[in-house]
Amino acid sequence: ELSPFHFPLGDGANDVSMIQVADIGVGISGQEGMQAVMASDFAICQFRHLRKLLLVHGHWCYTRLTNMVLYYFYKNLAYVNLLFWYQFFCGFSGTSMTDYWILILFNLLFTSVPPIIYGVLDKDVPAETLMQLPQLYMVSQ
């Protein structure tokens, strides 16, 4: 099994309920109409595009998610470490090191901007390589 997600594939109106309860639903536009496409998370026009959706975009998605989690742990660890050492400086008096607006600005800048830039620009392996070596999908899991 490639993925721990419930990953149904549908191409008609009879598949809509299955797609809606899934973790990730894929709809294929076809002769039966567009109901499955409208209810799905991802839409493709033919079955042959499913391979690229799974192998290329699935690998990139797993890589981005794991790096995002590591980034958030690093960001929070750095900030808590800074607060910890500040307590030695102020004699454990409980005074606040930063104003609330600085903390909000810190979280806004270091929580939203770097992951967005990283998510848009990062592709660790080219799409052609991922299509030729499907086992790389398992490495990203």
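## Exposed helices, a small sheet and two domains

At 60% relative accessibility, I104 is over the 50% cut-off, so this isoleucine counts as exposed. I104 sits in helix 4, which covers residues 100–121. Its C-alpha atom is 33 Å from that of I24, and the two positions lie 80 residues apart in chain numbering. Keep in mind that this is a predicted model. On the confidence side, the pLDDT averages 81 over the protein, and 93% of the residues score at least 70. Broken down by element, helix 5 (residues 127–132) comes out with the highest mean pLDDT, 88, while helix 6 (residues 136–140) has the lowest, 75.

**Domains and sheet**

The chain is divided into two parts: domain 1 takes residues 1–45 and domain 2 takes 49–140. Taken over C-alpha atoms, the centres of domain 1 and domain 2 are 29 Å apart.

Now for the sheet. It's an open one, with three strands in the order 1-2-3 and parallel pairing. Strand 1 (9–10) and strand 3 (42–44) are the edge strands, since each pairs on one side only. Helix 3, running from residue 50 to residue 89, packs on this sheet and touches strand 1, strand 2 and strand 3. Its direction makes about 140 degrees with that of strand 3. Back in the sheet, strand 1 and strand 2 (residues 26–28) run parallel and are joined by two bridges. If you want a specific pair to look at, G10 stands opposite G27 in strand 2. As background, strands of a sheet pair through backbone hydrogen bonds, either parallel or antiparallel.

**The annotated spans**

The UniProt record, an unreviewed entry, places the feature "transmembrane region" at residues 69–88 and 100–121. Here's how the two spans look in the model:

| Span | End-to-end C-alpha distance | Helix | Strand |
|---|---|---|---|
| Residues 69–88 | 29 Å | 100% | 0% |
| Residues 100–121 | 32 Å | 100% | 0% |

V69 is found in helix 3. With a relative accessible area of 39%, V69 falls between the 20% and 50% cut-offs, so it is classed as partly exposed. The C-alpha atom of V69 is 10.0 Å from that of P115, though the two are 46 residues apart along the chain.

**Further along helix 3, and the loop after it**

W85 also belongs to helix 3. Is this tryptophan buried or exposed? W85 counts as exposed because its relative accessibility is 54%. Between W85 and Y62 there are 35 Å, C-alpha to C-alpha, for a sequence separation of 23 residues.

F92 is in the loop between helix 3 and helix 4. Its backbone is worth a look: phi is positive, about 55 degrees, although F92 is not a glycine. For context, most residues other than glycine have a negative phi. F92 has a relative accessibility of 53%, and therefore it counts as exposed.

**M131 and its contacts**

Let's finish with helix 5, where M131 is found. M131 has a relative accessible area of 26%, which means it is partly exposed. What does M131 touch, not counting residues up to four places away in sequence? The contacts are R51, K52 and V56. M131 and L54 are 9.7 Å apart in space, C-alpha to C-alpha, and 77 residues apart in sequence.

Note on methods. Residues are numbered from 1 along each chain as its sequence is written. This is a predicted model: local features need pLDDT of at least 70, side-chain atom pairs count only at pLDDT 80 or more; totals for chains, interfaces and linings use all residues. Side-chain values use heavy atoms; hydrogens and water are left out. Two strands pair if DSSP finds at least two bridges between them. Helices (H or I, at least four residues) and strands (E, at least two) are DSSP runs, numbered from the N terminus. Contact means heavy atoms within 4.5 Å. Axes are lines fitted to C-alpha atoms, for helices over the stretch in contact, and angles run from 0 to 180 degrees between N-to-C directions. Domain bounds come from an automatic or database domain assignment. pLDDT is the predictor's confidence in each residue, from 0 to 100. UniProt positions are given in the numbering used here, feature names are shortened, and annotations may be inferred rather than shown by experiment. Buried means under 20% relative accessible area, exposed over 50%, partly exposed in between (1.4 Å probe, protein chains only).
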